[in-house]
Amino acid sequence: MASLKALRMRINSVKSTRKITQAMKMVAAAKLRRAQNRAESARPYAERMERMLASLGAAVAGQPDAPRLLVGTGGDQVHLLVVVSGDRGLAGAFNTNVGRFARTRIRELETAGKTVKILAVGRKGATFLRREFGSRFVGEISFAGKKVVGFEDAAEVAAKITAMLEAGEYDVCALIYNRFRNVITQVPSEQQLIPAALPEADSDALEGPQALYEYEPAEDEILASLLPQNLAVQIYRSLLETNAGFYGSQMTAMDNATRNAGEMINKLTLNYNRTRQANITKELIEIISGAEAV
Amino acid sequence: MATFQLEFVSPEKLLLSRPVEMAVLPAAEGEMGVLPGHAPMIVALRGGVISVREGGQDTEKLFVAGGFAEVTPTRVTILAEEATPVAQLSKADAERRIADCEKALAEATDATPEKREAAMARLLSARAMLAAAQAA
């Protein structure tokens with residue numbers, strides 16, 4: 001059995017681990033709330049953007065010279081996957097989940113004979129995928145060290161994707177990220193960016209038939225400037241959801257760690273007390289048998 | 001007087017939402033005054049000043065660097081990346097922006113026509129910002 005001193009040291013070390021995980025949990029909870037607020041306040045813009053796009057898309061659909069961002073290159077050979085993950089670890093399976101999901105997709109696509117290119121946003125996902133798919137990497141973006149991920153950051157990613165499309169480096173672009181369902185559930189999912197999956201025009205909306213809109217300037221001109229913006233908005237949303245999901249996941253992970261540390265402390269304390277009693281009993285027996293011998 | 005709902009949304013948050021009597025938008029093809037009951041429209045905005053009229057007088061002037069607006073009979077939604085009250089615009093800022101844009105435009109001489117056009121639009125928007133700052 002371990003010595004009393006060794007046990008005492010272990011108990012102390014587990015106790016300080018528990019303090020750290022508890023503090024991390026609290027910090028994650030506070031940041032989660034802020035991240036959720038940000039995700040929520042970004043919603044109105046995305047909603048309105050979607051509505052405009054729906055009516056514009058319906059107006060432009062079928063035109064032969066529709067912008068490439070909307071219809072893609074027409075090919076289906078080269079796929080660009082934008083994988084969004086967290087920049088930091090200690091959040092349970094959060095980053096691994098999105099990485100695994102991406103890995104499955106990449107394998108699927110490659111089995112089907114497609115070429116895959118990866119643009120990794122976030123450090124952890126990048127490290128996860130580089131081991132196996134390092135040769136498919138075309139870029140890596142990380143916001144580590146940044147306090148708040150702003151819209152400019154998303155716009156930067158979008159600009160990169162657009163530039164690659166113009167250079168004809170891929171045909172289809174999809175976004176892979178952890179969708180934030182609620183604090184404890186994040187679902188890795190895929191969303192097609194190019195060709196744009198246009199929301200269906202909702203003709204039952206209160207505003208009346210969408211086709212009644214007038215456009216100034218012409219539809220395709222508005223669309224040409226609206227589409228890059230929409231791309232940035234989609235990416236921004238995925239960044240915000242990743243951010244919120246990350247803290248949610250970290251909170252859960254740290255909560256578990258705190259609980260496990262507590263259990264560990266209980267077990268060790270029991271062990272410590274047993275050992276202590278055994279030592280006392282042993283000493284008593286020694287004293288008594290010594291006294292009897294005299 | 002009749003009013004309509006004016007909404008101002010940036011990608012980060014809802015900046016403003018309140019009933020107003022009239023709004024003047026810097027649409028891509030010229031200034032556009034919107035009163036309640038306007039025909040539904042989707043407009044691209046260039047850089048310029050949005051002025052808001054409530055209670056019979058101009059109450060607010062906001063500078064936008066570009067964006068989109070959706071007009072319906074009961075509501076106007078403006079999607080813009082930033083909106084600064086004209087009083088808070090600084091001339092120095094605007095001049096710096098113009099200088100940046102001019103540089104970018106000069107560098108874009110061999111880029112695609114779309115890129116040059118975008119750079120030009122940014123420059124025009126920066127000039128509008130300077131004009132607004134000077135007028136304030």
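**Strand 1 of chain A and the two domains of chain B**

Hi everyone, let me begin with a pair of residues: Val83(A) has Ile176(A) as its bridge partner, and that partner sits in strand 4 of chain A. Before I go on, please keep in mind that this is a predicted model.

So what does that residue pair belong to? Strand 1 of chain A pairs with strand 4, residues 172–180 of chain A, in the parallel sense, and five bridges link them.

Strand 1 of chain A has another partner too. Strand 2 of chain A, residues 115–121, runs parallel to strand 1, and seven bridges join the two. If you'd like a residue to click on here, take Val82(A), whose bridge partner in strand 2 of chain A is Leu119(A). To get from strand 1 to strand 2, chain A passes through helix 4, residues 94–111, and this β-α-β crossover is right-handed.

Now, is strand 1 of chain A enclosed, and why? Six of the seven residues in this strand, which spans 78–84, are buried, so the rest of the structure largely encloses it.

Let's move over to chain B. Here we have domain 1, covering 4–86, and domain 2, covering 89–135. Taken over C-alpha atoms, the centres of these two domains of chain B are 22 Å apart.

How many residues of each domain are in contact? On the domain 1 side of chain B there are nine, and they meet eight from domain 2 of chain B. Looking at the side of domain 1 that touches domain 2 in chain B, we find four nonpolar residues, four polar ones and one charged.

That's my tour, thanks for listening!

Key
Residues are numbered from 1 along each chain as its sequence is written. Chains are lettered from A and ligands numbered from 1 in the order in which they are written. This is a predicted model: local features need pLDDT of at least 70, side-chain atom pairs count only at pLDDT 80 or more; totals for chains, interfaces and linings use all residues. Domain bounds come from an automatic or database domain assignment. Two residues are in contact if their C-beta atoms, placed from the backbone, lie within 7 Å. Ala, Val, Leu, Ile, Met, Phe, Trp, Tyr, Cys and Pro count as nonpolar, Asp, Glu, Lys and Arg as charged, and the others, Gly among them, as polar. A residue is buried if 20 or more other C-beta atoms lie within 10 Å of its own, exposed if 12 or fewer, and partly exposed in between; C-beta atoms are placed from the backbone. Helices (H or I, at least four residues) and strands (E, at least two) are DSSP runs, numbered from the N terminus. Two strands pair if DSSP finds at least two bridges between them. A crossover is right-handed if, with the strands pointing away from the viewer, the path from the first strand over the helix to the second runs clockwise.
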